[in-house]
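User: I'm new to this one and I like to know what the words mean. Can you bring it up and let me quiz you?

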Amino acid sequence: MCGIVGYIGQQSLLDILLQGLKRLEYRGYDSSGAAWIEPGEALRVVRAVGEVRHLESKVSETDCYAGAGIAHTRWATHGSPTEENAHPHTDQSGKIAIVHNGIVENHDALRETMLSHGVRFTSETDSEVVAQLIGYYYSHNHGFEESVRKTVQKIEGAFGLAVLCLDEPDKLIAARRGSSMIIGIGAAEHIIASDMAAIVQHTSRVVHLDDNEIAVFADGGFHTSTFDRQHVDKEIEVVDMEVQEMELGHFEHYMLKEIHEQPRCLHDTLSGRIDLRNGRARIAGLEELHREIAKVRQIVMLGCGTAWHAGMIGQYLIEELARIPCDIQYSSEFRYRNPLVREGTLAIVVSQSGETADTLAAMEEVRLRGATCFGIINTVGSRISRETDAGVYLRAGQEVGVASTKAFTAQVALLAVLAAELGRRRHLSMDRCASFLEELHVIPEKLERILGKASAIRELTSRFVDHDHWLYLGRGVNFPVALEGALKLKEISYIHAEGMPAAEMKHGPIALIEPGMPVVFVAPRDHLHQKVLANIQEVTGRGGEVIAICTEGDRRMRELTDHIIEIPETEPMLSPILSVVPLQLMAYEAALLRGHNVDKPRNLAKSVTVE
Ligand code: F6R
């Protein structure tokens, strides 16, 4: 999705803006641009289609001035990814330049009004309306700051904005409603960005701009106020994020790095949160909701994509361990339904980025109907994390690869801890809970063993990579793992893959199976194992090639297929944390073998901040 970087200070402006844009590349984009004011008092705007390096080569001849500047990576929504549609956009007079994240919902009406005032537009975007409107007010004798204030009050929809004005070269203005905007505070310099990733190498001291707030930067400082001019005191937070989290190290791709980080991430996720002696979990956010939790009668799980898959595993875990009715819902569907939310409903909101527009809207909807919201979020300070009633952070570190991997296993691990603790507060015995948590505690070591099989997984993947259609099947808690495996394969290798419950196959999809078709079974040993073995025979009987993720030493599986990846024995409800890892590696290898850019899959964005 789109990314914003802005800088004001004494360092080389363009270097900082370009570095920032590169840090935001992982979010997904199709064009980029930058604007700054040159000492000779000209507003320079440079834009390029494609990767940030194209922009870099266009500005390489330019001296790096100090001062104020803004930059942007655009993920096209209104208008195709062309240079004209790339940001920054300027107003008709060429004095105002803006970068914008979000969507201006009333852009058609605003454009009509501007056209009737004789304004000429040069792009197809909704964002240009913002530049033109600021410029319109400015040309009617409102000052720079006042023109921005008037404009943000006219715009409907979500926005993060950064604005420059040629007549006030030492000023930068940022504003936000519904789209992240963070201010990094350095020594007499400020860097603003839509994402911590662009700030972390400069400073760990940040301020989060809240909705309907404006920040005006000038004279080495800044002040914040609401759109209607009420002064706001902001608290400076110190963020615990290392630059190394954004570096590749010795790995070829972020996705591979993050797959390999999983044992350490899980260790961090669980650290200090499980009390093995008493069979309890210690999650501060749960304590904050102590009263509400005691009265919970129903749980609604909200998320999208991979987070939704983790939520579905959470649903199985909560029903099994805590015996609380639990429903998993797609955020995008839930927000537009007329859902029945009973008294005593707890909504568990699962999101890696904490920015997903649909999940945010679903959360607002469920809260409106009286539910208490608990977040399971990775990105510290993100919008969802700040708007839930309480919650817990994954501690998985920045996830850069577009295909979510380490966030998924951390989400499942936290949902397991949560389910166990909810169970303990109801029917779960101390012994049963303690042995469950003990098993969770040793999962990182077991995961390490699976990572050791990477080359065997590569070899196995290479045998099937030329097939264009794959099925992924599993039962019970392995069904969402099958869905996740299929999602990973399609999103980065562009191979068509479908995941489904293994027993559903005979209700239609079995018609697809023909000799040689790869069918991946997520089949660790559990109470449904015999039934899964029968499903496998239904596939092999029709010539399908079964790839099985099974428990170490499963002799029967070896008799049924030659293509197996063994995972260590574990508590069956926890097996998704292990069984998903070979599927992540298979997807990674398939994408590489097909020659795709693993970290920048086509059409995808890391965080989906628009509907
Ligand atoms: C898939 C993937 C997406 C996200 C989904 C939700 O690999 O990353 O399906 O899981 O867009 O994102 P978050 O968790 O940030 O709300």
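Analyst: Happy to! Let's start at the ligand, which has 14 residues around it; a residue counts as near when one of its heavy atoms lies within 4 Å. Ser-351, Gln-352, Ser-353, Thr-356 and Glu-491 are the closest. Keep in mind that this is a predicted model, where local features need pLDDT of at least 70, side-chain atom pairs count only at pLDDT 80 or more, and totals for chains, interfaces and linings use all residues. Residues are numbered from 1 along each chain as its sequence is written, and side-chain values use heavy atoms, leaving out hydrogens and water.

User: How do you know that Ser-351 has a polar atom close enough to an oxygen atom of the ligand to count as a polar contact?

Analyst: Check the distance: a polar side-chain atom of Ser-351 is 2.6 Å from a ligand oxygen. A polar contact is a pair of N or O atoms within 3.5 Å (within protein, one must be able to donate a hydrogen and the other to accept it, and residues adjacent in sequence count only if both atoms are side-chain atoms). So 2.6 Å passes. Gln-352 brings in its backbone, with a polar atom 2.6 Å from an oxygen of the ligand, and a backbone N or O atom of Ser-404 lies 2.9 Å from a ligand oxygen.

User: How much of the ligand does the protein bury?

Analyst: The protein buries 90% of the 410 Å² that the ligand exposes when taken alone. Those areas come from the Shrake-Rupley method with a 1.4 Å probe (for residues, only the protein chains shown count as cover). Helices α10 (305-322) and α17 (478-493) are the elements that give two or more residues to the shell; helices here are DSSP runs of H or I with at least four residues, strands are runs of E with at least two, and both are numbered from the N terminus.

User: Which domains supply at least three residues each to that shell?

Analyst: Domain 2 (250-441) and domain 3 (451-597) do. The chain also has domain 1 (3-244), and the bounds come from an automatic or database domain assignment. Between the C-alpha centres of domain 1 and domain 3 there are 46 Å.

User: What makes the largest nonpolar core a core, and where does it lie?

Analyst: A nonpolar core is a set of buried Ala, Val, Leu, Ile, Met, Phe, Trp, Tyr and Cys residues joined through side-chain atoms within 4.5 Å. This one has 96 residues, and Ile-348, Phe-374, Trp-470 and Tyr-472 touch the most other members. Helix α14 (residues 406-424) gives the largest share, 13 residues. The core lies between domain 2 and domain 3 because both give residues to it. In soluble globular proteins, nonpolar side chains tend to be buried together.

User: Why is Asn-378 called buried?

Analyst: Its relative accessible area is 7%. Buried means under 20%, exposed over 50%, and partly exposed is in between (1.4 Å probe, protein chains only), so Asn-378 at 7% is buried. Asn-378 sits in the loop between β20 (372-377) and α13 (383-387), and a polar atom of its side chain lies 3.2 Å from the backbone nitrogen of Ala-396.

User: What makes Asn-101 buried too?

Analyst: Asn-101 comes out at 4% relative accessible area, so it gets that label. It belongs to strand β6 (residues 96-104), and its side chain makes a polar contact of 3.0 Å with the side chain of His-72.

User: Is Arg-323 buried or exposed, and how do you know?

Analyst: Arg-323 has 58% relative accessibility, so it counts as exposed. You'll find it in the loop between α10 and β18 (326-330). Its phi is near 55°, a positive value in a residue other than glycine.

User: And why does Arg-426 get the label partly exposed?

Analyst: Arg-426 has a relative accessible area of 26%, so it falls in the in-between class. Its place is the loop between α14 and α15 (430-451).

User: Last one: what kind of peptide bond joins His-87 and Pro-88?

Analyst: A cis one, with omega about 0°. Pro-88 is in the loop between β4 (67-74) and β5 (89-90).
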